[in-house]
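New to this one? Take a look at the model first, and then we can walk through it piece by piece.

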Amino acid sequence: MASDGKPTADDVMIVNAARALGDLARVGRATCFVGIGLPSTAANLARKLYDPAPVLIYESGCIGSKPTRLPLSIGDGELGDTADAVVSVPEIFTYWLQAGRIDVGFLGGAQLDRLGNINSTVIGSYHAPKTRLPGAGGAPEIAAAAGRVVVVMRQTRRAFVERCDFRTSVGFGDGPGDRETLGLTGGGTGLVITDLGILEPDPGTCELVMTCLHPGVSREQCLDNTGWALRFADDLGCTMQATDEELEMLHRVRSGVAS
Amino acid sequence: MTPDVIFDQLIGAGRVSKLTFSWGGNPGVGSLHRFRDAVENAWPRAIEIEEHSHAGMAARYSAGASGLPFGTLRGYRGTDLLQFAENVRLIDCPFTGQKLAAVRAINPDVSIVHAQRADREGNVQIWGIIGIQKEAILSAKVAIATVEEIVDRLEPVPGAVVLPAWVMSAVACVPNGAHPSFAMGYSHRDNDFYRDWDRISSDRAAFEQWIERHVIGTPDHSAFLDSISMTASGGRSGI
């Protein structure tokens, strides 16, 4: 929270990401493969707020982790100590992810393009990069095999681009039908939650379209912070204000006092 | 798979010519600055990189451990990784016709893992988040384990993996040998070290001073740990 007690744009983004996971868990799509950082914060907030809670799965092999403080890495001992099961890394990617047992893949990235593809490898050219990023990690196969992918990312012109400099993880590839042609079994980028609002793919063109704005956010702000000719849904909605309960729990999750 | 701050030290010291990896960051903190400096600016030397996904690397180690020439997975398709990664090919499943990725087996010349304990025969016991350490050992030509302690008898632990002495080349007792990572039940992750590393490694001169003083200038791991030990005020001395 900001010093005036109002939620920051990041708080609003994380609360909305947690709500999305809560909604998916309510309809029986609860198993969630989580990356460290913003996705992990939101996933743990959802676990505290909702019943049924999402089942958190980390690529280090931890299934059903219930950390009492936010993990700093996927190998954090807390994730293993609080898990229902700990399996090996080859097993988590094969028996669990590749076999289709993951409902939701929860990802971030450095760039996201209008067709929901994600870059976490390089900014600039591959052989002479302007910025070398950490790389793929588990993301490509999460994006390929999870039932649906929820992306949580701050919306800026540098990050929301017409086309990624490097396609690390496939959303909808070059357009409709590409996932099927490529044999990708999961549903692709279904929801993008930003500090400005929510984007969802157009069912016909697969292009990410702004479907909701957070309270107080204008269309102009979204246009200014998007690197493609952003479209808005005809029935553009507004997300609910973050509640005191949500913000209080977020504070507790961040400070590691949520039990 | 995940070269982190230890590999960053090797890269910054100019001891790495090629890195095969799937995620090169400082977990929970951000960039590996020495890795970035080598890739972006060829400092202190250019390094060759071969880059995969975690699932791809896991399949490569599993194939290596299984004595197979390649592993398969449903991966890489549609990504730019496929364009740059050597050792990945698309193949047709002989039974269903599905297009799958084939990845070449990895058989390291040497694998080194850190485990909780070994007995006097050299049987190694490891538990907690075991990651890919079993495959790293079983795929290697020379397999080395460092352990927290050597005991007379390995008591059973739920979920533990035991690597029999006859697959190991050598076992050495190195307490806190996973530092700055941890060995479940023996040591804690040194989170401050990962944070401090961001500052030390972001400056070439600071890095060179640090590695000279704490790594090159110390005779063994225990002396290294002493040289970076916490001061009474809670801050680290020397870094």
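## Starting with a helix in chain B

Keep in mind that this is a predicted model. A handy place to begin is helix α2 of chain B, which covers residues 33-41. Its buried residues are His33(B), Arg34(B), Phe35(B), Asp37(B), Ala38(B) and Val39(B). Right after α2(B) comes Ala42(B), with a positive phi of about 55 degrees.

One of those buried residues, Arg34(B), has a ring for company: its charged end sits over Phe207(B), 5.7 Å from the ring centre. Phe207(B) in turn belongs to an aromatic cluster, together with Phe193(B), Trp197(B), Trp210(B) and Phe224(B). Chain B has another charge placed over a ring, with Arg189(B) lying over the face of Tyr194(B) at 3.8 Å from the ring centre.

## A glycine and its contacts

Now go to strand β2 of chain B, residues 25-26, where you'll find Gly25(B). Is Gly25(B) buried or exposed? Its relative accessibility is 0%, so Gly25(B) counts as buried.

What does Gly25(B) touch, once neighbours within four places in sequence are left aside? In its own chain the contacts are Pro3(B), Asp4(B), Gly30(B) and Leu32(B), and from chain A there is Pro134(A). Asp109(B), on the other hand, is 84 residues from Gly25(B) in sequence and 24 Å from it in space, C-alpha to C-alpha.

## Where the two chains meet

That contact with Pro134(A) leads us to the interface. Here 42 residues of chain A are in contact with 41 residues of chain B. The size of an interface is often given as the accessible area lost when the parts come together. For chains A and B that area is about 3300 Å², and carbon and sulfur atoms give 62% of it. On the chain A side, Leu72(A), Arg132(A) and Pro134(A) lose the most area to chain B, together 20% of what that side buries.

How many salt bridges cross between chain A and chain B? There is one. In that kind of pairing, Glu51(B) and Arg132(A) meet through their side chains, at 2.6 Å from N to O. The interface also has 15 residue pairs in polar contact, counting pairs with both residues at pLDDT 80 or more. Several elements of chain A each supply at least two residues to the side touching chain B: α3 (77-81), α4 (89-98), β9 (129-132), α5 (139-145) and α6.

## Rings that pair up

Over all chains, the structure holds twelve aromatic pairs. Take Phe160(A) and Trp228(A): their ring centres are 6.1 Å apart and their planes are at 25 degrees, so the pair is stacked. Phe160(A) lies in strand β11 of chain A and Trp228(A) in the loop between α7 and β15, so the pair ties together parts that are 68 residues apart in sequence. Phe160(A) is buried at 0% relative accessible area, and Trp228(A) is buried at 5%.

Another stacked pair is Phe166(A) with Phe84(B), at 5.9 Å centre to centre and 25 degrees between the planes. This one crosses between chains, going from the loop between β11 and α6 of chain A to helix α4 of chain B. Phe166(A) counts as buried at 2% relative accessibility, while Phe84(B) counts as partly exposed at 32%.

## Salt bridges around the model

Side chains of opposite charge can pair when their charged atoms come close. The count over all chains comes to 26 salt bridges. In chain A, Glu246(A) and Arg19(A) meet at 2.8 Å, N to O. They link helix α8 to helix α1, 227 residues apart, and both residues are buried.

Chain B offers a pair with mixed surroundings: Lys18(B) and Glu50(B), at 3.2 Å from N to O. This bridge links strand β1 to strand β4, 32 residues apart. Lys18(B) is partly exposed at 33% relative accessible area, whereas Glu50(B) counts as buried at 3%. Then there is Arg120(B) with Asp152(B), at 2.6 Å, N to O. Both sit in loops of chain B, Arg120(B) between β8 and β9 and Asp152(B) between β10 and β11. Arg120(B) is exposed at 60%, and Asp152(B) counts as exposed at 63%. Back in chain A, salt bridges that share partners join Arg114(A), Glu162(A), Asp202(A), Glu207(A) and Arg231(A) into one network.

Definitions and conventions: Residues numbered from 1 in each chain as written. Chains lettered and ligands numbered in written order. Predicted model: local features only at pLDDT ≥ 70, side-chain atom pairs only at ≥ 80, totals over all residues. Heavy atoms only, no water. Phe/Tyr/Trp six-rings, centres within 6.5 Å; stacked < 30°, edge-to-face > 60°. Helix = DSSP H or I, 4+ residues; strand = E, 2+ residues; numbered from the N terminus. Buried < 20%, exposed > 50% of the residue type's maximum accessible area, 1.4 Å probe, protein only. Lys NZ or Arg CZ within 6 Å of the ring centre and 35° of its normal. Contact = heavy atoms within 4.5 Å. Buried area = accessible area lost by both parts, 1.4 Å probe. Salt bridge = Lys/Arg side-chain N within 4 Å of Asp/Glu carboxyl O. Polar contact = N/O pair within 3.5 Å; in protein donor to acceptor, adjacent residues only side chain to side chain.
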